[in-house]
Amino acid sequence: MGLQSAQDAAQKAGFFLLASHDALGRSRNQIDDRNWKVCTQTPGPGEQPTSTKIDMGAVKLDETCPAQDQGASGPTKASATMPDFKGKAVSVVHDSLDKATSISAKDATAQNRVIVVQSNWQVCSQDPAPGAALTGQPVTVKAVKFGEACP
């Protein structure tokens, strides 16, 4: 079902604690709900009190729902070690690392494109490497647009 239609149906049924997230785990906001479709919902179908919060995992209309919801729990906050961000959106890097961390995101291709919409770019490489101690050092990621191959 389309996200806007699903939200309308939930409200018509008396549910008003509604949330949605990017089911591909790219930390994208659903700004225009009509451009998204629902892949998952928590809790699942069945009778629930109308005070229950309903969270819908969604993807853009032209995307395929993932086999497993990648964004249900939100980005994992990094602890003392560097997570492996390869294949994740650049926006996830920003959401996962401490707000004080300096992050530089660069185009991994020779085109030197500017990364404006971070959720449209996937990480190809990172420095420091996964598992390295996070001690306040700057982080650099090289990325390509989703759908492009890493060089």
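A contact is a pair of residues with heavy atoms within 4.5 Å. By this criterion, among contacts in the protein between residues at least 6 apart in sequence, 65% join residues at least 24 apart. The model analysed here is predicted.

The protein contains two helices and six strands. From the N terminus on, these elements follow the order α-β-β-β-α-β-β-β. The C-alpha trace spans about 50 × 35 × 25 Å along its principal axes. Of the 151 residues, 31% are buried. The accessible surface amounts to about 8800 Å². Carbon and sulfur atoms account for 50% of that surface. The protein carries 15 positive and 15 negative charges. The mean positions of these two sets are 4 Å apart.

Helix H1 covers residues 3-12 and includes Gln-7. The relative accessibility of Gln-7 is 11%. Gln-7 therefore counts as buried, since the limit is under 20%. Beyond its neighbours within four places in sequence, Gln-7 is in contact with Leu-18, Ser-20, Asp-33 and Met-56.

Ser-20 also appears in the surroundings of a second glutamine, Gln-30. Gln-30 sits in the loop between strand S1 (18-22) and strand S2 (36-42). Its relative accessible area is 12%, so Gln-30 is buried as well. The side chain of Gln-30 takes part in a polar contact of 2.9 Å with the side chain of Ser-20. A polar atom of the Gln-30 side chain also lies 3.1 Å from the backbone oxygen of Arg-28. With neighbours within four places in sequence set aside, the contacts of Gln-30 are Leu-3, Ser-20, His-21, Asp-22 and Trp-36. Ser-20 is thus listed among the contacts of Gln-7 and among those of Gln-30.

Glu-47 presents the opposite case of exposure. This residue is placed in the loop between S2 and strand S3 (54-60). Glu-47 has a relative accessibility of 82% and therefore counts as exposed, the threshold being over 50%. Glu-47 and Gln-126 are 79 residues apart along the chain. Their C-alpha atoms are separated by 45 Å.

Strand pairing was examined next for S4, S5 and S6. Strand S4 (residues 103-107) and strand S6 (residues 139-145) run parallel. Five bridges join S4 to S6. One of the pairs involves Ile-103, whose bridge partner in S6 is Val-139. Strand S5 (residues 121-127) runs antiparallel to S6. Six bridges join S5 to S6. Here Asp-127 stands opposite Thr-140 in S6. S6 thus pairs with S4 in parallel and with S5 in antiparallel orientation.

Thr-101 lies in the loop between helix H2 (90-96) and S4. Leaving aside neighbours within four places in sequence, Thr-101 is in contact with Gln-137 and Val-139. Val-139 is also the bridge partner of Ile-103. Thr-101 and Gly-136 are 35 residues apart along the chain. The separation of their C-alpha atoms is 6.2 Å.

Methods:
Residues are numbered from 1 along each chain as its sequence is written. This is a predicted model: local features need pLDDT of at least 70, side-chain atom pairs count only at pLDDT 80 or more; totals for chains, interfaces and linings use all residues. Side-chain values use heavy atoms; hydrogens and water are left out. Helices (H or I, at least four residues) and strands (E, at least two) are DSSP runs, numbered from the N terminus. Buried means under 20% relative accessible area, exposed over 50%, partly exposed in between (1.4 Å probe, protein chains only). Accessible areas come from the Shrake-Rupley method with a 1.4 Å probe; for residues, only the protein chains shown count as cover. Lys and Arg count as positive and Asp and Glu as negative; His and the chain ends are not counted. The place of a charge is taken as NZ of Lys, CZ of Arg, CG of Asp or CD of Glu. A polar contact is a pair of N or O atoms within 3.5 Å; within protein, one must be able to donate a hydrogen and the other to accept it, and residues adjacent in sequence count only if both atoms are side-chain atoms. Two strands pair if DSSP finds at least two bridges between them.
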